[in-house]
Amino acid sequence: MGVLDLKQSLVGHKGRVWNVCWHPSGEWLASCGGDKAIRIWTHDKSKWVIKTILTEGHTRTIREVSWSPCGNYIASASFDATVAIWDQKTVQFECNTTLEGHENEVKSVSWSISGQLLATCSRDKSVWVWETHDEEYECAAVINAHTQDVKKVRWHPTKDILASASYDDTVKIFKEDTASSDWLCVSTLESHTSTVWSLSFDSTGDRLVTCSDDKTLKIWQQYEPGNDRGIATPDDEPVWKCVCTLSGFHSRTIYDVDWCKKTGLIVSACGDDIIRIFQEDSDSDKHQPTFNLVCSMDNAHTQDVNCTQWNPAITGVIASASDDGTIKIWQYTD
Amino acid sequence: MSKLLENPNPKIYPKLEEKLGTDEKSENVARNPDVYDARSIFELLRNITDPEHPLTLEQLNVVEQSLIEVNNENNEINVQFTPTIPHCSMATLIGLSIRTQLLRTIPAKFKVSVTITPGTHVAETAVNKQLADKERVAAALENKYLLTVIEQCLESTVAEDSDPEKDDDCQTCES
């Protein structure tokens, strides 16, 4: 079993903290929540301290924040139906662009690896893809593939492929059709029996982990056309199959999951206040993988854990956010 | 809301005092304000006003003490409520009022679930899923119109609530 050590509790938000996001360098952390503020924390010797507080960008809850891959921009998704883009041209972060179009609450925002595409999703059931050129943002697609509230959007780690998770219990995969330049749903991942709250690709982008209100985590494997397993790919598009279900580990809704690109460890955030870490067996077959629970941190927070994310640069460091109003920084060791 | 009442002539049930003859407070609650039981939760909910009628959820038998479960060890509270008619369009709103009242009065460590009594509503699964989705509940409570309606339903509970500690809790979660 591994050990999760609490390094620090970051206090400052008033009320629920919905989300945290690491800067690509791993040196900064952005957080947001019900107090309509974004807080940016920085590493000062051994301690995390508040660097700046961004207010007046949104009139309602900020549900999610996301750093661009270059680290120069923050996108924030709000219940006020807008997405704000913040940059640091001067000393301070400033909101210079607001993306409007969704009919109601924006639930999630994500940058593609190139930084040239931005995806947003909303309770209005749609997923929007935005193209960015020289800080101009243009809507490239409005995708109405889900039948309910869309909870999360995440880009593939290397390609312009987008995944979304929804209240309609499914995950969908989208990509641009090169001929028509339309964004199309190329795959629907069905297996969860309730809301899919979040998802995360592994480092290769060939696998996904999803988490749900049905209290399970699921691992999905992509099978390309012509795969040696003989898995049929009807539309000449890759097919995603659920190859593993981790059930019986979580006692309430799982709100977030993150697959570490450095170590391959999976961390989950649960409504039972517990942070859990899973590791794939060393002799695991990728078509039928097995994962073990290697750490379970009881009372990680005093209320629901809403978000967990591995630091992209510093191995084993996790940030978590909770309804209890705190953000916690953890160090995981085998 | 439509002007026509969906259920113009609901059955009215006697209040708890009328059934028991006295207004005995639960002993647990008297000893320790952080320990709850079905009775003390019922006390918090019984005087919520129905969105349609000038009657309480207790009088309409929407909430009943026997359909409330409290597990103090696991910090779990489960409340089942029974819509007055199986196609009641107010079911989500009533559930939301119950949820809001508990959010404001019960310590945050408790995991509260509010569901429809099985078999008593045509859209039971959909309403339950919505009430269990804390993100949608949070968004709903930021909706000014909806919040006004909920406040009206809860007004009578605030007036009758004489426990000062609970008033404190209420302020904490609103500030």
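How many salt bridges are there between chain A and chain B? I started my notebook with that one, and the count came back as twelve. Note to self: this is a predicted model.

**Entry 1, the interface**

I looked up one of the pairs: A:K151 bridges to B:D133, with the closest N and O atoms 2.8 Å apart. I then pulled the polar contacts across the interface of chain A and chain B, and the rule gives 18 residue pairs, both partners at pLDDT 80 or more. By class, the side of chain A that touches chain B has 14 charged residues, eight polar and five nonpolar.

Next I checked who takes part. Chain A puts 27 residues into the contact and chain B puts in 14. The two chains bury about 1700 Å² between them, and 42% of that is on carbon and sulfur atoms. On the chain A side, I find that A:R60, A:Y167 and A:R252 lose the most area to chain B, together 34% of what that side buries.

**Entry 2, cavities**

I went looking for enclosed space and got two cavities of 30 Å³ or more.

Which residues line the second largest cavity? From chain A I noted A:Y167, A:T195, A:W197, A:D213 and A:T253, and from chain B there are B:K129, B:A132 and B:D133. Two of these names were already on my page: A:Y167 is among the residues of chain A that lose the most area to chain B, and B:D133 is the salt-bridge partner of A:K151. This cavity holds about 40 Å³ of space, and its lining splits into three nonpolar, two polar and three charged residues.

The largest cavity comes out at about 60 Å³. I wrote down its lining as B:E6, B:N7, B:D50, B:E52, B:H53, B:T84, B:I85, B:C88, B:M90 and B:I94. By class that is four nonpolar, three polar and three charged.

**Entry 3, the second largest pocket**

I moved on to the second largest pocket, with a volume of about 890 Å³. Its lining counts 38 residues, and A:R154, A:D258, A:K261, A:Q309 and A:P312 lie nearest the centre.

Which strands of chain A each supply at least two residues of that lining? I got β2 (17–22), β6 (62–67), β10 (106–111), β14 (150–155), β18 (196–201), β22 (254–259) and β26 (305–310). I also sorted the pocket lining by class: 20 nonpolar, eleven polar and seven charged residues.

Methods: Residues numbered from 1 in each chain as written. Chains lettered and ligands numbered in written order. Predicted model: local features only at pLDDT ≥ 70, side-chain atom pairs only at ≥ 80, totals over all residues. Heavy atoms only, no water. Contact = heavy atoms within 4.5 Å. Buried area = accessible area lost by both parts, 1.4 Å probe. Salt bridge = Lys/Arg side-chain N within 4 Å of Asp/Glu carboxyl O. Polar contact = N/O pair within 3.5 Å; in protein donor to acceptor, adjacent residues only side chain to side chain. Nonpolar A, V, L, I, M, F, W, Y, C, P; charged D, E, K, R; others polar. 1 Å grid on protein atoms, 1.4 Å probe; cavity = no way out; pocket = protein on both sides within 12 Å on 5 of 7 lines; lining within 4 Å. Points joined across faces, edges and corners; volume = space filled by probe spheres on them. Helix = DSSP H or I, 4+ residues; strand = E, 2+ residues; numbered from the N terminus.
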